[in-house]
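Visitor: I am new to this structure and would be grateful for a guided introduction. May I see the sequence and the model before I put my questions?

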Amino acid sequence: MRKSDVTREKMTRGLQSYWYELIRILNSIVSVYEKANYAMSLFTLRKIRLNTARILGRIHGVILDAGCGPGTMIPYIMKENKNLSYYICLDPLPAMLKQIDAKNEKIDRIRGVFEHIPLRKNSLNACLTSFSFRNSYNYVRAFYNIYYTLRIHGIYVMLDLYKSTHRSITIFMKLYLSIVPRIIGSLLLGANGFRLYRGLYFTYEKFLNTDEIMVIARIIGFKRVFIHPLYSVSLLSVFIK
């Protein structure tokens, strides 16, 4: 099989069958989810989220937080968007959605996945995925559904792990993600934490690199694409419909 064929197959697949195992892992770490993520980011997560909210800009309308987890991005987005009319939280795990404040009338919680977003065409002003897009069952279908639900000139911001095309950066990231999450998992959950966080490394192994993200975005129809590495380990990508 040629290298181009391998790349094409990778871009159109996603996690596939491993997705179900990932859901089991995420469901088991809900209680330590935020603490672990904060530690794994080398304590830069708050700055990263703040930068993401500011780059997303001031949205007047509806925003979808896809793969929202326990809603950790909500306060950052709300602070930057005083006139936001509706904030939709989408996640496949009820345990994650239960962590979100249900008293705020501007916030709604929906159980679902990227590949089948239960919203109408052109219904969103903006979409955000925060360290969750790489967990997609199918990358292309997830990308397309986000594009489909965005209005013309709508913005999609993807915050995720940085998978560079440069070999030295990729080697560093693989070493970091194969060691640090397991240590943090062990400290928070003991031996079980070591096993659980070992499984999360696979999502990075399968994830798209920067060139592949650009290719898919262009094929689907996004008019403008910007990519910004953040603090070496994170990547902030901005897509305009």
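The questions below concern the core, one helix and the cysteines.

Guide: This is a predicted model, in which local features need pLDDT of at least 70 and side-chain atom pairs count only at pLDDT 80 or more, while totals for chains, interfaces and linings use all residues. Residues are numbered from 1 along each chain as its sequence is written, and side-chain values use heavy atoms, with hydrogens and water left out.

Visitor: Which helix gives the largest share of the largest nonpolar core?

Guide: A nonpolar core is a set of buried Ala, Val, Leu, Ile, Met, Phe, Trp, Tyr and Cys residues joined through side-chain atoms within 4.5 Å; buried means under 20% relative accessible area, exposed over 50%, and partly exposed in between, with a 1.4 Å probe and protein chains only. The largest such core holds 50 residues, of which L64, F133, F143, Y156, F222 and F239 touch the most other members. Helices (H or I, at least four residues) and strands (E, at least two) are DSSP runs numbered from the N terminus. The largest share of this core, six residues, comes from helix α2.

Visitor: Which elements do the buried residues of α8 pack against?

Guide: The buried residues of α8 include M173, Y176, L177 and I184. Contact means heavy atoms within 4.5 Å. The buried residues of this helix pack against α3, β5 and α9.

Visitor: Is K174 buried, partly exposed or exposed?

Guide: K174 is found in helix α8, which covers residues 167–189. Leaving aside neighbours within four places in sequence, K174 is in contact with Y201, Y204 and E205. Its relative accessibility is 29%, so K174 counts as partly exposed.

Visitor: How many disulfides are there?

Guide: A disulfide is a covalent bond between the sulfur atoms of two cysteines. The rule applied here asks for a pair of cysteine sulfur atoms within 2.5 Å. By this rule the count of disulfides comes to zero.

Visitor: How far from C68 is the nearest cysteine sulfur?

Guide: C68 is buried, with a relative accessible area of 6%. This residue is in no disulfide. The nearest cysteine sulfur, that of C89, lies at 4.5 Å.

Visitor: Why is the sulfur of C127 not bonded to the closest cysteine sulfur?

Guide: C127 counts as buried, because its relative accessibility is 0%. Its closest cysteine sulfur is that of C68. The two are too far apart for a bond, because the distance is 11 Å.
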